[in-house]
Amino acid sequence: MAITLKIQRFLGEKKWEQEYRLEVETGMTVLGALIKIKETMDPTLTFTASCRSSICGACAVKVNDNAVLACETLLADLLKRYASDTLTIAPLGNFTVLRDLMVDWQPKYDRLKKIKPALQPKTEFSASEGCRQSKDEFKKYSKNSECILCGSCVSECNKSNLNSKDFLDPFIFSKAAKFVADSRDKDAVAHLEPAVKDGLWKCLNCQECAAKCPKGLSPAEDIEKMRIATFEKKMSSNEGSDHAMAFYDDVKELGRLDEAKLALKTEGLKSALRVPVAYRLMRSGKLNPLEQAKPIGDIEKVRAIMKAAKEKKL
Ligand code: SF4
Ligand code: SF4
Ligand code: FES
């Protein structure tokens, strides 16, 4: 079957879309198609790949706006999913494009250094004895070791799309979470502090990073775990943690949110800046500051669930 690949090209300041028509062979992957184009039609087409086995992470691209590993994604599956003989291929989002489908990882590696991505062993360990831990302790972070630095989570991150300047990339939070969870590391705060400073509480919890990670990691969940760790380590509060605590207190007290007080509890006096928004909500009948929020009928059940969740560390 013949298909059309519309590939986003970039060279210098020139950006354009180029179409290639090719025959799909049995078992052909997106990477196989790119290699075929380069070898038989257009040697100038530029992309990165190495292992062809879903290990090195070098080949991630966007197909029809979704990040995939080109070497493990079968064209036949994509044609079936999109019910079309035409696919668009573009470089990962939230990266600087160097040429065609090749993106610049250096700024990401520079940011990665912020969270101190290396084990700082506790003083009780020695070179002769090594750093011992139990199987259960190992399991707490072993999944995070499977990240192959493909960048799919970065490309899909809605927070990074909005503004990546105040937000580390999703995989960087997962790296930080790995060392926070590692019982051999002597200072979880050393990894948590830079994470808080660079956006831990700004994640939108959209779950796109988890949905698109080819290795089944969940940066979104790792971010949640690190948020909990900041409370356990009694790290200084900020608007994000205050907002979470305001939610928690409201649900515990009322079984629901008290919208009228939420901004005040989260932002303190700064919430005065939200007066125009509050006024609009009042006018549309969505907010009544005189209404006293009352606990829901089954509040004790809600409190029992919260207590059980806290005890089981859910
Ligand atoms: S859950 Fe957070 S980190 Fe993950 S994609 Fe959404 S905004 Fe980004
Ligand atoms: S967390 Fe997953 S999607 Fe993100 S870089 Fe690592 S392997 Fe890729
Ligand atoms: S070429 Fe290595 S992961 Fe695809």
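The following exercises, with worked solutions, concern a predicted model and its ligands, cavities and nonpolar core.

**Exercise 1.** Determine how many cavities of 30 Å³ or more there are, and which ligand sits in each.

*Solution.*
Step 1. The count comes to two cavities of 30 Å³ or more.
Step 2. The largest cavity has a volume of about 110 Å³, and its space is taken by ligand 2.
Step 3. Ligand 1 sits in the second largest cavity.

**Exercise 2.** Identify the residues around ligand 2 and classify them.

*Solution.*
Step 1. The lining of the largest cavity comprises 14 residues, and Cys-147, Cys-150, Cys-153, Phe-171 and Cys-213 lie nearest its centre.
Step 2. Around ligand 2 are Cys-147, Ile-148, Leu-149, Cys-150, Gly-151, Ser-152, Cys-153, Phe-171, Cys-213 and Pro-214.
Step 3. The shell divides into eight nonpolar residues, two polar and no charged. Gly counts as polar by this classification.

**Exercise 3.** Carry out the corresponding analysis for ligand 1.

*Solution.*
Step 1. The residues around ligand 1 include Cys-157, Cys-203, Cys-206 and Cys-209. Also among them are Phe-167, Pro-170, Leu-204, Ala-220 and Ile-223.
Step 2. Lys-159, Asn-205 and Gln-207 are likewise found around ligand 1.
Step 3. The shell consists of nine nonpolar, two polar and one charged residue. Lys is counted as charged, so Lys-159 of the list supplies the charged member.

**Exercise 4.** Locate Leu-5 within the largest nonpolar core and list its contacts beyond four places in sequence.

*Solution.*
Step 1. The largest nonpolar core has 64 residues.
Step 2. Leu-5, Ile-7, Val-30, Leu-75, Ile-89 and Met-226 have the most contacts inside this core.
Step 3. With neighbours within four places in sequence left aside, Leu-5 is in contact with Gln-18, Glu-19, Tyr-20, Leu-22, Ala-33, Ile-37, Leu-87 and Ile-89.

How values were computed
Residues numbered from 1 in each chain as written. Chains lettered and ligands numbered in written order. Predicted model: local features only at pLDDT ≥ 70, side-chain atom pairs only at ≥ 80, totals over all residues. Heavy atoms only, no water. Core = buried A, V, L, I, M, F, W, Y, C linked by side-chain atoms within 4.5 Å. Buried < 20%, exposed > 50% of the residue type's maximum accessible area, 1.4 Å probe, protein only. Contact = heavy atoms within 4.5 Å. Near = heavy atom within 4 Å. 1 Å grid on protein atoms, 1.4 Å probe; cavity = no way out; pocket = protein on both sides within 12 Å on 5 of 7 lines; lining within 4 Å. Sits in = over half its atoms within 2 Å of the grid points. Points joined across faces, edges and corners; volume = space filled by probe spheres on them.
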